[in-house]
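Visitor: Could you take one part of this model, the place where chains meet, and go through it closely? I would like to see how the pieces around it fit together.

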Number of protein chains: 4
Amino acid sequence: MTSENSTKAMDPISKLTEYFREFPGIGPRQARRFVYFLLTRPSSYLEEMARLFLSIKQNIKICQSCFRFYQNGNGLVCPICTDPGRDQSQLMIVSRDVDFEAIEKSKFYSGVYFILGGTIPILDKEPEKKVRLNELLIRIKKGQFKEIILSLNANAEGEHTADFIRDYIKEKFPDTGLSISILGRGLSTGTELEYSDSDTIKNALKNRERV
Amino acid sequence: MTSENSTKAMDPISKLTEYFREFPGIGPRQARRFVYFLLTRPSSYLEEMARLFLSIKQNIKICQSCFRFYQNGNGLVCPICTDPGRDQSQLMIVSRDVDFEAIEKSKFYSGVYFILGGTIPILDKEPEKKVRLNELLIRIKKGQFKEIILSLNANAEGEHTADFIRDYIKEKFPDTGLSISILGRGLSTGTELEYSDSDTIKNALKNRERV
Amino acid sequence: MTSENSTKAMDPISKLTEYFREFPGIGPRQARRFVYFLLTRPSSYLEEMARLFLSIKQNIKICQSCFRFYQNGNGLVCPICTDPGRDQSQLMIVSRDVDFEAIEKSKFYSGVYFILGGTIPILDKEPEKKVRLNELLIRIKKGQFKEIILSLNANAEGEHTADFIRDYIKEKFPDTGLSISILGRGLSTGTELEYSDSDTIKNALKNRERV
Amino acid sequence: MTSENSTKAMDPISKLTEYFREFPGIGPRQARRFVYFLLTRPSSYLEEMARLFLSIKQNIKICQSCFRFYQNGNGLVCPICTDPGRDQSQLMIVSRDVDFEAIEKSKFYSGVYFILGGTIPILDKEPEKKVRLNELLIRIKKGQFKEIILSLNANAEGEHTADFIRDYIKEKFPDTGLSISILGRGLSTGTELEYSDSDTIKNALKNRERV
């Protein structure tokens, strides 16, 4: 059911409520609150939001190299992919733009990226429909990478995706000496030992650091 | 700080993120997720949302009698205020449209409404800036009410608002024999005695019902 | 599986942990924390707790009239049941001692009590095994009650129990003119209209109060 | 205020409630529920619990080498400290017994332990009153350790404690070539990149692992 079809006969308030319900994490009650909130805003506010809705995709491109969203760029490729200051021998594969942003915010990584566009559920039969596999192949072929870092979430689906991508790359590029790595496991900030699972403790011990 | 000023120099993604941050209950992270969600939608989706943003206020009026939002009406007054089937001698005063909706959904009230537009914080110095006091006066003068029901939340600010409005009405209409009532207190659905405060228990006992 | 059997061969720490796991609301981790906490206490602390475990039931009686726990009393009946200052024509029926305590804490009720000892699940086939039905009959026969107040939780099981007890009393005492009432429904402290169900709103309107 | 003093004049139910309130994570309401729960148990249950309260400390010793609680042992030292199968050149320092248990449960560590007995709050003036410093000195002097692993929680107080203990050991044993390490930081099980702080991401990148 798409919102376009189901909301045909509805009044604008109900229609907009239906649209907001599709937003990530928004239930019917909060969707309705959004609409009432908008009704109390001045018309200039609503007009500006409408303008932004119409313009974000015009100003936004998907980089044809790393497939992240970016803006204000010329050409087909984002500034990071073409930045001579970034290490073009390191490719980090992430699931989504929000992960890319979290990595960039840490200011610790200086290589380039590839956005998979999703994760692969365990037992999924058609992984090529969940993530950008062909685009990844092309990216790796075009690049001159020495290391690929799989930066996926440390949960079941993230690990499954990392395993799948690792096997896929190894199969497609068997003799390249390409190093593939995953993010280190250990204690994340705030972790208490008492509540940690055995895997986390094992990894924290294995990755222990001289001080 | 209005969003219009602070977002002047920003790119559309950041601007729209700032706008979503002003939505009720939305933090910076979810605001950003909203924008990324929109970027993955087809252009037709964004265009339809923009159209709704521009049209909701055109289709929506504020009733000049009860001050609730309504749509598709002719004239200045909403269908409920002019409905001969509603009891025009009963006026229910609520804080916001969402409260009006909750009451209507219960299908138990058949009088008319007045939307205050907010609540009055305790110790507030300028209540007339928080709620529609003059409009309320005019509404009561124009009507022929026998009873006014103050339907405010059963919390400190709601009770303060009810007390204030009651005193205000009594002062302005001293000799009218107008009955003013508040919603009954007692056990709301799901309440367990063990976790109830003494006020709730007192009221539940006082309002006990023969069965 | 009783704890006595399953913990036969265990060491004292594991045994005590098992016992704490049976406490209401306590999981395995917190049960273990309790034991470690006790290990760090001085021996005098543990001895005092052990003494209290042995003595609470010796000092505690179950009132043979209202069936609540009480202490330091002579005879078989609790001070409330024999208090000439309490209204002996009003009987409040509650589910458990914690409910009795919540009522007493409100300092609004001056009649006497009867503790059912539980609630009756919906569709339960043997209600007489869940609550003290025979004892209730005897209590009502012995008393000279004008009113019986059913103070059960405002949830499905509480309402079912109230309905059952009402029907049971009406069947057993058909011609006594005994008034049976339930606690009043309405807004409990803290309730917001926006999040209230229609039943709560109906009852709050029905029980509205002149101010 | 010790519970012994404050509960002198109280009845046993209130006394026991006060004792349960001192249990970790237990508020007044749950403490009271515990007591009512106990009142409904058979006497045999209460007697067995009392017996366990009296016996846990008799059966439990504090190891004079690692200071963990243990049971059923002869002598003054726990089985782990004297186990020839454990690596006696590795000493892991943990805060509490629950941390020791979490490590043992992971079945990855084969050295020996030292229980600090607590953590050192930031800005604390008397760390020697919070953790076993003298006992730690003696333990390290007696042992023949090559590595000391500081296994503290990955939060501010845990990190402060680790820093303090590291400095303390380095000062007291300046020329021993003793390796001191802390648990590795990175993604703990379940961590999502989007919600990770920059420190966690940095460490996860630094500790990345070839696959």
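Guide: Two strands are taken to pair if DSSP finds at least two bridges between them. With that in hand, and remembering that this is a predicted model, we can begin at a pairing that crosses from one chain to another: strand 6 of chain A and strand 7 (residues 209-210) of chain D run antiparallel and are joined by two bridges. Within this pairing, A:Ile182 stands opposite D:Glu209, a residue of strand 7 of chain D. As general background, the strands of a sheet pair through backbone hydrogen bonds, in either a parallel or an antiparallel sense.

The pairing belongs to a wider meeting of the two chains, in which 46 residues of chain A are in contact with 46 residues of chain D. On the chain A side, the elements that give two or more residues are helix 6 (97-105), strand 5 (147-151), strand 6 (179-182), helix 10 (198-206) and strand 7 (209-210). Helix 10 of chain A supplies the largest share of that side, nine residues. By residue class, the side of chain A that touches chain D divides into 16 nonpolar, 17 polar and 13 charged residues.

How the two chains are placed with respect to each other comes next. A turn of 180° with a shift of 0.1 Å along the axis lays chain A on chain D with an RMSD of 0.2 Å, and that is the relation of a two-fold axis. The residue of chain A that comes closest to this rotation axis is A:Gly186, whose C-alpha lies at 2.1 Å. Since 100% of the interface residues of chain A are also interface residues in chain D, the copies meet through the same surface.

The strand contributed by chain D also finds its place in a sheet. An open sheet of five strands, with mixed pairing, has the order 4(A)-3(A)-5(A)-6(A)-7(D). At its edges stand strand 4 (111-115) of chain A and strand 7 of chain D, each with a single partner strand, so one side of each is left without a neighbour in the sheet. Inside chain A, strand 3 (residues 87-94) and strand 5 pair in the parallel sense over five bridges, and the bridge partner of A:Val94 in strand 5 of chain A is A:Ser151. Helix 6 of chain A packs on this sheet, where it touches strand 3, strand 4 and strand 5 of chain A, and its direction makes about 130° with that of strand 3 of chain A.

Chains B and C can be read in a similar order. Chain B can be laid on chain C with an RMSD of 0.2 Å by a turn of 180° and a shift of 0.2 Å along the axis. In chain B, the C-alpha nearest that axis belongs to B:Gly186, 2.1 Å away, and 100% of the contact residues of chain B recur in chain C, the same surface serving both copies.

A sheet that includes strands from both of these chains has the order 7(B)-6(C)-5(C)-3(C)-4(C); this open sheet has five strands and mixed pairing. Strand 7 (209-210) of chain B and strand 4 (111-115) of chain C are the edge strands, each pairing on one side only. Strand 3 (residues 87-94) of chain C and strand 5 (residues 147-151) of chain C pair in the parallel sense over five bridges, and C:Leu91 has C:Ile148 as its bridge partner in strand 5 of chain C. Helix 9 (residues 156-172) of chain C packs on the sheet, touching strand 3, strand 5 and strand 6 (179-182) of chain C, with its direction at about 160° to that of strand 5 of chain C. Helix 6 (residues 97-106) of chain C lies across strand 3, strand 4 and strand 5 of chain C and runs at about 130° to strand 3 of chain C.

Helix 10 deserves a closer look here. In chain C, the buried residues of helix 10 (residues 198-206) are C:Thr200, C:Ile201, C:Asn203 and C:Ala204. These residues cover an arc of only 165° around the axis, which puts them on the same side of helix 10 of chain C. An α-helix has 3.6 residues a turn, so residues three or four places apart point the same way. The partner of this buried set lies in another chain: the buried residues of helix 10 of chain C pack against helix 6 (97-105) of chain B.

Notes. Residues numbered from 1 in each chain as written. Chains lettered and ligands numbered in written order. Predicted model: local features only at pLDDT ≥ 70, side-chain atom pairs only at ≥ 80, totals over all residues. Contact = placed C-beta atoms within 7 Å. Helix = DSSP H or I, 4+ residues; strand = E, 2+ residues; numbered from the N terminus. Nonpolar A, V, L, I, M, F, W, Y, C, P; charged D, E, K, R; others polar. Least-squares fit on C-alpha atoms with pLDDT ≥ 70 in both. Buried ≥ 20, exposed ≤ 12 C-beta atoms within 10 Å, placed from the backbone. Arc of directions from axis to C-beta. Axes fitted to C-alpha atoms, helices over the stretch in contact; angles between N-to-C directions.
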